[in-house]
Amino acid sequence: MCRTKRFLPRHKGNAAEMKNRIIIAALAALLCICGCAKCEPQAKPLVNTVRIGETKMDYLHFGNASGETLVILPGLALKSVMGAAEGIKAAYAPLAADYDIYLFDHIREEPEGYSIADMARDTLCAFDALGLLRVHLMGVSMGGMVSQRIAVDAPERVASLILCSTAMNLTHGNREAFANWISLAEAQNTSALTEAFGETVYSPAFFAQYKDAIIASGEGATARDFRNFLISANAVLAFDVSDEIQAIACPVLVLGAGEDRVLGVQASYDLIEALHGESYIYEGYGHAAYDEAPDYLDHIAAFLKGA
């Protein structure tokens, strides 16, 4: 039976902890899941690379090597999360104490027509290359879509599934926002794109307070970054696993946001109804509740302990 809870905004922890989360969010412009200029693997000891056919995929690896494996898939962003490796490691320290954590980037160069199903296939190839046979899978926004596809196509590889601010399709999504982002990315208008993206993804109060840092996070974006963003955005628009989602049988946690202006809170409710798992809806938070809510990882940790 589905267990849904609704949480009102509440902030705890000291100012330094909150500032750390904000910096990570701004740098990653997501994580979504959530970058500074993309770093080469040797620049950060946490960052590694796996070859996928003719291309490469970067990933972060940290945590408890003796623990069960937790894989995190980030969402749509203009720039790679790899540049924020140390910050991400610090943010996920509560989970890293118990889990062997991998955070996979997208492939470095996405081909035209690259779909969510293609992303899932390439991520599974990375699993194979690294010997990850069965994992707890956490997907944020677009990463949640990739995670759903993996859980449908390779259920034996997924011990549990955590879906954060995501959807099974764009039925309730803000297509106007995506159209605007795509137009700005085509023009390679970095500041306008990061502003429009941040304004839609974050809650109004959060965005107003940290607007300058969020906009600055796009500095240094390359032509390849814009190209990958465009391809990924169109992949999100085309995604639809609604006819297959009933095949997902592993334990599921759905985390949604009452003020989600990207995919809509109804998208989370649709997932809850289809998957009959555990769920939490954050009232007063926007799409990026994963960056803003101070107790977000607490709910994930509690779920994983029982999965």
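Me: How many helices and strands are there in the protein?
Reply: The model considered here is predicted. Its secondary structure consists of both helices and strands. The count is 12 helices and nine strands.

Me: What share of the 307 residues in the protein is buried?
Reply: A residue counts as buried when its relative accessible area is under 20%. The protein exposes about 12200 Å², of which carbon and sulfur atoms supply 51%. Among the 307 residues, the buried share is 60%.

Me: Which element gives the most to the largest nonpolar core?
Reply: The largest nonpolar core has 109 residues, and those touching the most other members are Tyr-92, Phe-104, Trp-181 and Ile-300. One element supplies eight residues to this core, the most of any. That element is α9.

Me: Which element gives the most to the lining of the largest cavity?
Reply: The largest cavity has a volume of about 200 Å³. Of its 20 lining residues, Ala-77, Lys-79, Ser-80, His-106 and Asn-228 are the closest to the centre. Both β5 (99-107) and α9 (223-238) supply at least two residues of the lining. With five residues, the element that gives the most is α9.

Me: How many charged residues are in the lining of the largest cavity?
Reply: The lining can be divided by residue class. Eight of its residues are nonpolar and five are polar. The charged residues number seven.

Me: Which residue takes a positive phi in the hairpin of β2 and β3?
Reply: Strand β2 (residues 47-52) and strand β3 (residues 55-63) run antiparallel and are joined by six bridges. Within this pairing, Val-50 has Met-57 of β3 as its bridge partner. Two residues lie between the strands of the hairpin, and the residue with a positive phi near 60° is Gly-53.

Me: Which residue in β5 stands opposite Gly-63?
Reply: Besides its pairing with β2, strand β3 pairs with β5. The sense of the β3 and β5 pairing is antiparallel, over six bridges. Opposite Gly-63 in β5 stands Asp-100.

Me: In which sense do β4 and β6 pair, parallel or antiparallel?
Reply: Strand β4 (residues 68-73) is mostly covered, with five of its six residues buried. It pairs with β5 in the parallel sense over five bridges, and there Ile-72 has Leu-103 as its bridge partner. With strand β6 (residues 135-140) there are four bridges, and Val-71 stands opposite Leu-137. The sense of the β4 and β6 pairing is parallel.

Me: Is Ser-141 buried or exposed?
Reply: Ser-141 is found in the loop between β6 and α5 (142-153). Its phi is positive, about 55°, although the residue is not a glycine. Because its relative accessible area is 7% and the cut-off is under 20%, Ser-141 is buried.

Me: Is His-276 buried or exposed?
Reply: His-276 lies in the loop between α10 and β9 (278-282). Its phi is near 55°, a positive value in a residue other than glycine. The relative accessible area of His-276 is 52%, and the cut-off is over 50%, so His-276 is exposed.

Me: Why does Tyr-269 count as partly exposed?
Reply: Tyr-269 is found in helix α10 (residues 265-275). Its C-alpha atom is separated by 9.9 Å from that of Tyr-280, 11 residues apart along the chain. Partly exposed residues fall between the cut-offs of under 20% for buried and over 50% for exposed. Tyr-269 therefore counts as partly exposed, with a relative accessibility of 25%.

Methods
Residues are numbered from 1 along each chain as its sequence is written. This is a predicted model: local features need pLDDT of at least 70, side-chain atom pairs count only at pLDDT 80 or more; totals for chains, interfaces and linings use all residues. Side-chain values use heavy atoms; hydrogens and water are left out. On a 1 Å grid over the protein atoms alone, a cavity is a set of points where a 1.4 Å probe fits but cannot get out, and a pocket is an open set with protein on both sides within 12 Å along at least five of seven lines; lining residues have an atom within 4 Å of a point. Grid points are joined across faces, edges and corners, and a volume is the space filled by probe spheres set on the points. Ala, Val, Leu, Ile, Met, Phe, Trp, Tyr, Cys and Pro count as nonpolar, Asp, Glu, Lys and Arg as charged, and the others, Gly among them, as polar. Buried means under 20% relative accessible area, exposed over 50%, partly exposed in between (1.4 Å probe, protein chains only). Accessible areas come from the Shrake-Rupley method with a 1.4 Å probe; for residues, only the protein chains shown count as cover. Two strands pair if DSSP finds at least two bridges between them. A nonpolar core is a set of buried Ala, Val, Leu, Ile, Met, Phe, Trp, Tyr and Cys residues joined through side-chain atoms within 4.5 Å.
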